[in-house]
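Biologist: I am new to this structure. Please look closely at one matter, disulfide bonding, and then set it against the rest of the chain.

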Amino acid sequence: QVQLVESGGGLVQAGGSLRLSCAASGRAFSGYAMGWFRQAPGKERQFVAAVNWSGFNTYYPDSVKGRFTISRDNAKNTVYLQMNSLKPEDTAVYYCAARATFPRSPANLVRESEYGYWGQGTQVTVSS
């Protein structure tokens, strides 16, 4: 079992930055690949970023590439999402999630069902 708790959400103006954190407890954190997803009101949950166990490999969709950076500190059992140049369309509840593998296939990497553990989410609101 892995327990995940997100923090760092809030209200920010367009063009601003936020850094989300996800603290993990339970089984060995460094053994899991980690991802961030988001869900806006009335919309499906959307993949945002993923990082492999070492932090060396990452993946982003085009919608956030160049603006968001995922990283992890295995000594602190924490994964981060640095969000820069925020836009109103980034407004959503952001969730971190853990999975056992980091596949080469992006189609597999973005699939929600492959993530076995989820946090409760943190709200990010970007005002125009």
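Modeller: The answer starts with the disulfide count, moves out to the whole protein, and ends with some single residues.

The model is predicted, so to speak of local features a pLDDT of at least 70 is needed and side-chain atom pairs count only at pLDDT 80 or more, while totals for chains, interfaces and linings use all residues. Residues are numbered from 1 along each chain as its sequence is written, and side-chain values use heavy atoms, with hydrogens and water left out.

A disulfide is taken here as a pair of cysteine sulfur atoms within 2.5 Å, and by this rule the count is one. In general terms, a disulfide is a covalent bond between the sulfur atoms of two cysteines. Here the partners are Cys 22 and Cys 96, with a distance of 1.9 Å from S to S. The link between Cys 22 and Cys 96 is right-handed, with 45 degrees about the S-S bond. The pair links distant parts of the chain: Cys 22 belongs to strand S3 (residues 18-26) and Cys 96 to strand S9 (residues 92-99), 74 residues apart. Strands (E, at least two residues) and helices (H or I, at least four) are DSSP runs, numbered from the N terminus.

Is this pair buried or exposed? Cys 22 is buried, because its relative accessibility is 0%. Cys 96 is also buried, at a relative accessible area of 0%. Buried means under 20% relative accessible area, exposed means over 50%, and partly exposed lies in between (1.4 Å probe, protein chains only).

Now the whole protein. There are one helix and 11 strands, and along the sequence they follow the pattern β-β-β-β-β-β-β-β-β-α-β-β. The radius of gyration is 13 Å, close to the 14 Å that the globule rule gives for 128 residues, so the protein is as compact as a globular protein of that length. That radius is taken over C-alpha atoms, and the rule is 2.2 Å times the number of residues to the power 0.38. Along its principal axes, the C-alpha trace spans about 40 × 30 × 25 Å.

Of the 128 residues, 41% are buried. A contact means heavy atoms within 4.5 Å; among contacts between residues at least 6 apart in sequence, 60% join residues at least 24 apart. The accessible surface comes to about 6,500 Å², and carbon and sulfur atoms hold 48% of that area (Shrake-Rupley method, 1.4 Å probe; for residues, only the protein chains shown count as cover). The protein carries 13 positive and 8 negative side chains, and the centres of the two sets lie 5 Å apart. Lys and Arg count as positive and Asp and Glu as negative, without His and the chain ends; each charge is placed at NZ of Lys, CZ of Arg, CG of Asp or CD of Glu.

Next, some single residues. Val 51 sits in strand S5 (residues 46-51). Val 51 is buried, with a relative accessible area of 0%. Leaving out residues up to four places away in sequence, Val 51 touches Ala 33, Met 34, Asn 57, Thr 58, Ile 70, Arg 72, Val 79 and Phe 102. Val 79, one of these partners, is 28 residues from Val 51 in sequence, and their C-alpha atoms are 8.8 Å apart.

Pro 103 lies in the loop between S9 and helix H1 (106-109). Pro 103 counts as buried at 17% relative accessibility. Apart from neighbours within four places in sequence, Pro 103 is in contact with Asn 108 and Leu 109. Ala 33 is 70 residues from Pro 103 in sequence and 9.5 Å away, C-alpha to C-alpha.

Two loop residues other than glycine have a positive phi. Asn 77, at about 55 degrees, is in the loop between strand S7 (68-73) and strand S8 (78-83). Ser 85, with phi near 50 degrees, is in the loop between S8 and S9. Asn 77 is partly exposed at 29% relative accessible area, and Ser 85 is partly exposed at 42%.

Finally, Ser 128 lies in the segment after strand S11 (122-127). Ser 128 is exposed, with a relative accessible area of 87%. Not counting residues up to four places away in sequence, Ser 128 touches Ala 14 and Pro 88. The C-alpha atoms of Ser 128 and Leu 86 are separated by 9.8 Å, with their positions 42 residues apart along the chain.
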